[in-house]
Every structure is written in structure tokens, then in C-alpha cells.
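Subject: Structure for you to look at

Hi,

Here is the structure I promised to pass on. Please open it alongside this email and follow along.

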Amino acid sequence: MMDVYSPKTLEEAIRLLDADPGLKVVAGGTDLIPRLNQRLESYDKLCYIRPYPETSGVRTEEDGRLFVGASVRLNETAEIPELAPYTALVSAATHVASYQIRNQATIGGNILQENRCMFFNNQVHWSDVNHCFKWGGNKCYQFPQSKVCMALFQSDVAPVLIAYGASVRVRGPEGEREIPAEKLYNSWNAKDPKNQKSLAHNEILTGILLPPAEEVGRSSYVRWTLRGTFDFPLLSCALAVRTEGDAVTRCGICFGAAGIRPQAFPAGADAFTGLALSELPAAAKGLHAEAAKRIQPFRDTHLDGNVRREKAGWLLEAAVAELLSPDNGKHTWFRGSAELMAPVE
Ligand SMILES: Cc1cc2nc3c(=O)[nH]c(=O)nc-3n(C[C@H](O)[C@H](O)[C@H](O)COP(=O)(O)OP(=O)(O)OC[C@H]3O[C@@H](n4cnc5c(N)ncnc54)[C@H](O)[C@@H]3O)c2cc1C
């Protein structure tokens, strides 16, 4: 038996969460419910959050930033005119999973989705034997020395937010607070070794705050997957560059599916800043070794050990090519790219 709540207001949802540590938030449910069905997790009580006024729609804040409600569905991002200049964000959101899932999945749920690992997201009897952190045990099977769960974070949207320098807004019993998107994933909490997010149990993400479009500039998002659709990224790269004339004046780069959190690449961003756009492809070629250092080795059923690392530089080059392409945002990167799928030397 499971109790399902559907509070009418955001305040009521927060009150319920605050009163009951066993209550679990559900938005679209496309991340959480499959895990419940697989019996990887179980809860006695679920709290379905509705699209409340505080978590809905898109609006410009007084300071010029664009608020995107956490309840916005991934497919909706392509239909919201204010989001059109945020090419990488729309591209990332509209390449998640499948069309049907994107109709149900929220942008808030995407950036708070659970990390994944073949030692957990597996058949129940396997997890039963191998008690990793996520399964209530005291070991990480990926990195046996680790004191926390090192499962891979594969959100498509999160790396874009970090490349943009965006923040998120959360509401709890004490009121509202803002967190830079990068800090949302900074939780190395040995007391809660299976949780990689910096959100308290009684807090609800209400939305994302994007810098004004002219500050973000051009952006691109590329993802390397085994299949063209319905697939988590094996590795992804978000790139945003603001220019004055032809010169890059601000740059943000972030890799997704690169470790337990999205991995920003400040050395790459510094290398690009000050260059002309036409110089970026050559600069990206020279950054393979540095890019590889940002990627955590990780084994799963598709790839072994260091393959993700070896591909990081290629992906950065692809992000630059996409940024400079007149069709930026229209490609379905990167299924079947011969270059990326070639064996690593
Ligand atoms: C077959 C399949 C393929 C997938 N492929 C991809 C993919 O390619 N890329 C990708 O990024 N994801 C993928 N996903 C994961 C998932 O579908 C998406 O990330 C989706 O955006 C999650 O959104 P949701 O609203 O359904 O989240 P939910 O399942 O409702 O919630 C996810 C988590 O976030 C928490 N949460 C949700 N909203 C809030 C909030 N407002 N405040 C506080 N906590 C909250 C929930 O408690 C839960 O822990 C895939 C899933 C499936 C089943």
C-alpha cells in the first residue's frame, strides 16, 4: 500500500514534506516511477507536485534574468518563444529520452534526476547481493575506496545550465533561496552517501534562472549516444560563448555524463576567451588532454573505464562545430558519428 498526496498549493506541499521525512516528491515521474516499478526504491508515501503558479511558465525577472518554472515539460521548451535564443537548452531538453517521455517529464525533474550505475540500476537480485550505498550498504562498486556513491549523473539539461552560469530557485519552510546551478551538485556528504544533490528533503525546486539571452550569447549542445533516440548520453558537452564583434568575451563549457555531477571545463573556457570565433575549432583540437582530465572514469554496460575520457576532446570539437553551424540546434547529435564511434587508439 502506498499513500499518494497531491497538495493543492506549493505551501501545502512544503508543509507536508517538512512534517514527514518519508514523503517523496514526484513531478513527471519518468525518472522515479520506473525505479519504484523495478523495486530499486520504495516509499510508503508519494507527494505529486502539480504545476503551481510558483513553478509554472516563463517570465522575465526584474533584473533581466529569465525564470523557467520547474514544472515546464521538456517538449514545451521548444514552443516557448522566450527560450528560442537559448539554443543549447532547447536542444538538450528536446533530445532527452523519447517524445512521449518528454511530454510528461519536467525540466525540474530532469536536473534532479537520480544518478545511475550498473551496480544499482539492475535486476533486483543483483542489487540484493551487492549492497552499494544506494542500496543501503557501505560500498561503491565503481570506486571501492570511495566514501560516497559515485554513480553517473546523466541529465542532459544540467550541463547547459552550468555552461550558461544559471542558478536555480528553491522554496522550503524557511522561505526561498537561490543556488548557482553548479552548487546544486556539490554535496559530498558522508552522512548521506547516496545523495549527490544539495537540496534538503523539505525543499522544492521552483525554477531555473537563466542569464539574459544577450549575456549567454550563442550556445550549442552535443550528446554522444549509442542510439539516436530513447537513450541517455554516454557523454555530452554544452558550450556557450558571448562575443563582441567576432571576439569571445565570455565562455562556459560543461560536460554531462562525466561523473557524479556535470563537470565544468574552466580551462577550456579560458582558452577560448579572447579568440575570434573562427579560431575556436583549432583551439578545441589543442584541448583534448585537458578536457579528458575533467571526465571521471566510469564503467557501465556500454563503455569501460577511460573511453569517456578519450572522447571528451572530440565532443568539445563537435560542440564548436555545432555552435558555428548555420543549422545550430537542428542536428540530432551524435548517434552513429563515425569519428566518435571509432575505437579509441
Ligand atoms: C527510458 C528513459 C530514458 C531516459 N533518457 C533520458 C535522457 O536521455 N536524458 C535525461 O536527462 N534523462 C533521461 N531520462 C530520465 C528522466 O525521464 C528525465 O530526466 C526527466 O526529465 C525527469 O523528469 P520528471 O519530471 O519525470 O522527474 P521525476 O521522476 O518526477 O523526479 C525525478 C527526481 O527529482 C525529484 N524532483 C522532481 N521535481 C522536483 C522539484 N520540483 N523539487 C524537488 N524535487 C523534485 C524527485 O523527487 C525525483 O527524485 C530517461 C528516463 C527513462 C525512463
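How many of the ten residues of β11 are buried? Seven are, so β11 is largely enclosed by the rest of the structure. Keep in mind throughout that this is a predicted model.

**Around β11**

Start with the partners of this strand. β10 (residues 235–244) runs antiparallel to β11, and nine bridges join the two. One bridge to find on screen: S236 has G256 in β11 as its partner. The two strands form a hairpin with two residues between them. Look at G245 in that turn; its phi is positive, about 65°.

β12 is also antiparallel to β11, with two bridges joining them. Here C254 has A264 of β12 as its bridge partner. These strands form a hairpin as well, with six residues between them. A257 in this hairpin takes a positive phi near 55°.

**Aromatic rings and charges**

The structure holds five aromatic pairs. One of them, F255 with F265, has ring centres 5.8 Å apart. The planes meet at 40°; because edge-to-face needs over 60° and stacked needs under 30°, the pair counts as tilted. F255 belongs to strand β11 (residues 247–256), while F265 is in the loop between β12 (263–264) and α9 (266–272). The pair therefore ties together parts that are ten residues apart in sequence. Both F255 and F265 are buried.

Two lysines sit over rings. K134 lies over the face of F120, 5.8 Å from the ring centre. K311 has its charged end over the ring of W224, at 5.8 Å from the centre.

**The five-stranded sheet**

Next, go to the open sheet of five strands. Its order is β4-β5-β8-β6-β7, and the pairing is antiparallel. β4 (58–60) and β7 (175–180) are the edge strands, each pairing on one side only. On average, neighbouring strands here are turned by 25° against each other, direction ignored.

At one edge, β4 runs antiparallel to β5 (residues 66–69), and three bridges join them. R59 has F67 in β5 as its bridge partner.

At the other edge, β6 and β7 pair in the antiparallel sense over six bridges. R169 is bridged to E178 in β7. These two strands form a hairpin with two residues between them.

**Helix α1**

α1 packs on this sheet and touches β6 and β8. The direction of α1 makes about 125° with that of β8.

Which residues of α1 (residues 10–19) are buried? L10, A13, I14 and L17 are. These four cover an arc of only 95° around the axis, which puts them on the same side of α1. R15 and A19, on the other side, are exposed.

The buried residues of α1 pack against β6 (167–172) and β8 (204–210). They also pack against β2 (23–26) and β3 (45–48).

**Where to look on screen**

- β11 with its hairpin partners: find the S236 and G256 bridge, then the C254 and A264 bridge.
- The tilted pair of F255 and F265.
- K134 over F120, and K311 over W224.
- α1, with L10, A13, I14 and L17 buried and R15 and A19 exposed.

Best wishes

Conventions
Residues are numbered from 1 along each chain as its sequence is written. This is a predicted model: local features need pLDDT of at least 70, side-chain atom pairs count only at pLDDT 80 or more; totals for chains, interfaces and linings use all residues. Side-chain values use heavy atoms; hydrogens and water are left out. Rings of Phe, Tyr and Trp (its six-membered ring) pair if their centres lie within 6.5 Å; planes under 30 degrees apart count as stacked, over 60 as edge-to-face and the rest as tilted. Buried means under 20% relative accessible area, exposed over 50%, partly exposed in between (1.4 Å probe, protein chains only). A charge sits over a ring if NZ of Lys or CZ of Arg is within 6 Å of the ring centre and within 35 degrees of the ring normal. The arc is that of the directions from the helix axis to the C-beta atoms. Contact means heavy atoms within 4.5 Å. Two strands pair if DSSP finds at least two bridges between them. Axes are lines fitted to C-alpha atoms, for helices over the stretch in contact, and angles run from 0 to 180 degrees between N-to-C directions.
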